[in-house]
Amino acid sequence: MSEVKKYATREGYGAGLVEIGKKYKDVVVLDADLAEATKTNMFKKEFPDRHIDCGIAECNMMGVAAGLALTGKVPFASSFAMFAAGRAFEQVRNTIGYPHINVKIGATHAGISVGEDGATHQCNEDIALMRTIPGMVILNPSDYVEAKAAVQAAYEFNGPVYMRFGRLAVPVINDTPDYKFEIGKGIVLKEGKDVTIIATGLCVSESLKAAQMLKEAGIDAEIINMHTIKPLDEELVLTSAKKTGKVVTVEEHSVIGGLGSAVSDVLGEKLPTKVLKIGVHDRYGESGPAAGLIHKYELDGEGIFKQIKAFV
Amino acid sequence: MNNTELQQIANEVRKGIVTAVHSAKSGHPGGSLSSADIMTYLYFEEMNVDPKEPKKADRDRFVLSKGHVAPALYSTLAQKGYFPVEDLKTLRHIGSYLQGHPDMKGTPGVDMSSGSLGQGISVAAGMALSAKLSNEDYRVYTLLGDGEIQEGQVWEAAMFAGHRKLDNLVVIVDNNGLQIDGNVDDVCSPYPIDKKFEAFNFHVINIDAHNFDEIRKAFEEARNTKGKPTAIIAKSVKGKGVSFMENRAEWHGSAPNDEKYEIAMEELKKAGEALCQK
């Protein structure tokens, strides 16, 4: 078996920015003293005049981005998820969301896979926060290819978009000729009849591993890559839930307010179905190597497999 | 436009403020009245704007960072011809395009939604930076309250604007000395305001907010200042023009009843008549 290529989705963010920067003169990238970590330094190298470092002042950065967007630029405001969605929540809500301004937010270092930096920097709440903002689009790509595609799609979309990226290198799973990214359209990676697994972000590749183990245990799982959390692909959720009768959501995020909640909202109202929410259970993260934490929090293939086996 | 003409318009702006807030039975008359002269000067003398084409690309921009004085902005825009003066009476009513705080989606002439304090100055800085990036020559103005500058984000934005040498940006601080809980220097003193902005690499001008000669001179000086943003610290009287509201914190966020409304309008009517004699 050939070695699977691995890149962090933040690398895809950086590469995606460079690609759109070449194509479109109105792209402006903002950062808050994290250009190396968020990978906007790739854009800075190519287009130094269009890279604005705002210093460690994320709230101001969101306002500056709004001002740039109102005067014809397409700003990509970049920081860690904790500061983009957490610290600057009210700026994003009032200064970008309420006037529905065309600002793109690139939030890297989401979830516990931040690793060694620990709980203060591991944002497991950003999807929940962003979901409450009317009109906000939330993208959570599963690999490098999808991260790049999300940047392009965000540019083409007119309105605020929150993009979530990770620090940990994860397998490339979308480098197929027929791969297509469309905001609001989930992707069925594998059809199955016994249980629906709806995963997002780095949990998509881990869910694929879990599906293989489930298969060996005689369970035929359907796998959906839900790269867009909002607007949620309700039709796909309902169609698959109707077929399998059991739904599992998998995310590197709190089970409160994230993908699991979004899916449960839809099913609860339209097609009551038993749901297992796999994610971070109402607690803070901790320091440690990212892969070790993903294992400890049972978000790796093995952990996902164990929880689903007990569920079905 | 000479000073008397500007004073006459500002007096009409004040009538609109009082009428709107009275009709809404809520709102912020004190800070609206203290900023009425500055607002009048901006829209009738200083800014390149056209009420027939509110979105024209090369217009100067205004961000009302102290968004609660929306009545001052609305009344000025109505006087300028963006929408009928009569509509000021719909302020804060259900379904009105004149929301309690500025809503750029619904109101002609409003360049940015605002109201949550400390955020407008960042947007103004972003607009000013945008002009620099694409070599456009529009200018950007933002009005802040002296209480508002207690917000930390104001100083993030000031640091950014100074660092980026945004000389197309003018920050005006309406220094009426009062906020909801009392005197600004009793609550949490922002003084010295001028020295603070100087320290953040602004060119700073102190003026009397109700003296059109000083207002005119300050905006001309700002226009001629290169390599630095300008901060105009405008010492004002909260509630200016309505005697019983002047320098009283309780008129920060409360509306006059019918009786007080009649008294206020009578005062403004007399002030208007006196200006006509000039």
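**Exercise 1. How many disulfides does a search of the whole structure find over all chains?**

Solution. Start with the cut-off: a disulfide is a pair of cysteine sulfur atoms within 2.5 Å. The search finds zero over all chains. Now check A:Cys203. Its nearest cysteine sulfur, that of A:Cys123, is 15 Å away. Next, take B:Cys188. Its sulfur is 18 Å from the closest cysteine sulfur, in A:Cys59, so the gap is too far for a bond.

This is a predicted model, where local features need pLDDT of at least 70, side-chain atom pairs count only at pLDDT 80 or more, and totals for chains, interfaces and linings use all residues. Residues are numbered from 1 along each chain as its sequence is written, chains are lettered from A and ligands numbered from 1 in the order in which they are written, and side-chain values use heavy atoms, leaving out hydrogens and water.

**Exercise 2. Is A:Cys203 buried or exposed?**

Solution. Buried means under 20% relative accessible area, exposed over 50%, and partly exposed in between (1.4 Å probe, protein chains only). A:Cys203 has 0%, so A:Cys203 is buried. Compare B:Cys188: at 47%, B:Cys188 counts as partly exposed.

**Exercise 3. With which side chain does the side chain of B:Asp111 make a polar contact?**

Solution. A polar contact is a pair of N or O atoms within 3.5 Å; within protein, one must be able to donate a hydrogen and the other to accept it, and residues adjacent in sequence count only if both atoms are side-chain atoms. The partner is B:Arg59, at 2.9 Å. Add the setting: B:Asp111 has 8% relative accessibility, so B:Asp111 counts as buried.
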